[in-house]
Amino acid sequence: MRAAVILAHPNPDSYAHELARRTESGLRAGGHEVEVVDLCALEFRAAMSATEREAYHGDHPVLDPLVQEHVDLVRSVDTLIFVYPTWWSGLPAVLKGWLERVMVPGVGFRFDERSGKVRPGLTNVQRLIGISTYGSPRWSVRAVNDNGRRTLMRALRLSCGLRASRRWLGLYAIDTTTADERTEFAAYVERAMSELR
């Protein structure tokens with residue numbers, strides 16, 4: 001298995017970074033190949049430029065060399081794993097921008113020339129995994145539709161095909177968890193990743 005771990009948190013001392021490290025460690029223990037992409041450390045630009053928007057539906061929608069590197073990566077893996085904190089009931093801006101700039105026509109999806117219908121572009125991706133923390137308890141997250149999870153597990157799954165499996169690992173009400181509970185969740189993440197087949 002070859003996995004890409006997409007990490008979205010600006011603070012290298014964050015719990016999200018710890019979860020990404022545990023994710024990588026678990027994957028490697030399971031004998032898997034993994035590449036961690038720290039979007040904030042790379043200073044990945046979230047906003048699509050006007051020039052990129054103009055190119056979006058053209059023959060060459062990717063203009064930025066860094067975006068092209070990420071396109072090449074997502075085309076080369078069978079597993080995409082996202083590690084991020086849920087902020088404002090959704091994805092951090094850098095991760096939302098990554099989706100908008102990387103999952104362009106010809107990458108995340110394509111148009112069927114005969115029918116004009118949208119078809120999956122990432123049929124190589126067989127697994128989507130989300131790992132997120134929430135400030136709110138689970139009931140509150142459900143009440144606001146868990147927008148980040150829906151984006152990754154529903155919308156992005158359509159880019160991979162309906163046969164792609166999905167898995168979600170969430171730590172809720174993180175602000176009131178103990179250090180032991182956070183350590184236990186991180187160990188759970190590492191173990192879950194090591195057991196992937």
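This report describes the surroundings of Thr-23 and of strand β3 in a predicted model.

Thr-23 lies in helix α1, which spans residues 15-29. Because its relative accessibility is 0%, and buried means under 20%, Thr-23 counts as buried. Its side chain reaches the backbone oxygen of Leu-19 at a distance of 2.7 Å. When neighbours within four places in sequence are left aside, the residues in contact with Thr-23 are Val-5, Ile-81, Val-83, Ile-131, Val-189 and Met-193.

Two of the residues named there, Ile-81 and Val-83, appear again in the description of strand β3, where they sit on one side together with Thr-79 and Pro-85. The other side of β3 carries Leu-80, Phe-82 and Tyr-84, and the residues of both faces are all buried. Strand β3 comprises residues 79-85, and 7 of its 7 residues are buried, so that the strand is described as mostly covered under the criterion that buried means under 20% relative accessible area.

Strand β3 pairs with β1 and is also joined to β6, as the table sets out, and in each case the strands run parallel.

| Partner of β3 | Residues of partner | Sense | Bridges |
|---|---|---|---|
| Strand β1 | 2-7 | parallel | 5 bridges |
| Strand β6 | 127-133 | parallel | 7 bridges |

Individual positions can be placed within this arrangement. Leu-7 stands opposite Val-83 of β3, and Val-83 is one of the residues in contact with Thr-23. On the β6 side, Ile-81 has Ile-129 as its bridge partner, and Ile-81 is likewise among the contacts of Thr-23.

Terms used. Residues numbered from 1 in each chain as written. Predicted model: local features only at pLDDT ≥ 70, side-chain atom pairs only at ≥ 80, totals over all residues. Heavy atoms only, no water. Helix = DSSP H or I, 4+ residues; strand = E, 2+ residues; numbered from the N terminus. Buried < 20%, exposed > 50% of the residue type's maximum accessible area, 1.4 Å probe, protein only. Polar contact = N/O pair within 3.5 Å; in protein donor to acceptor, adjacent residues only side chain to side chain. Contact = heavy atoms within 4.5 Å. Pairing = 2+ DSSP bridges.
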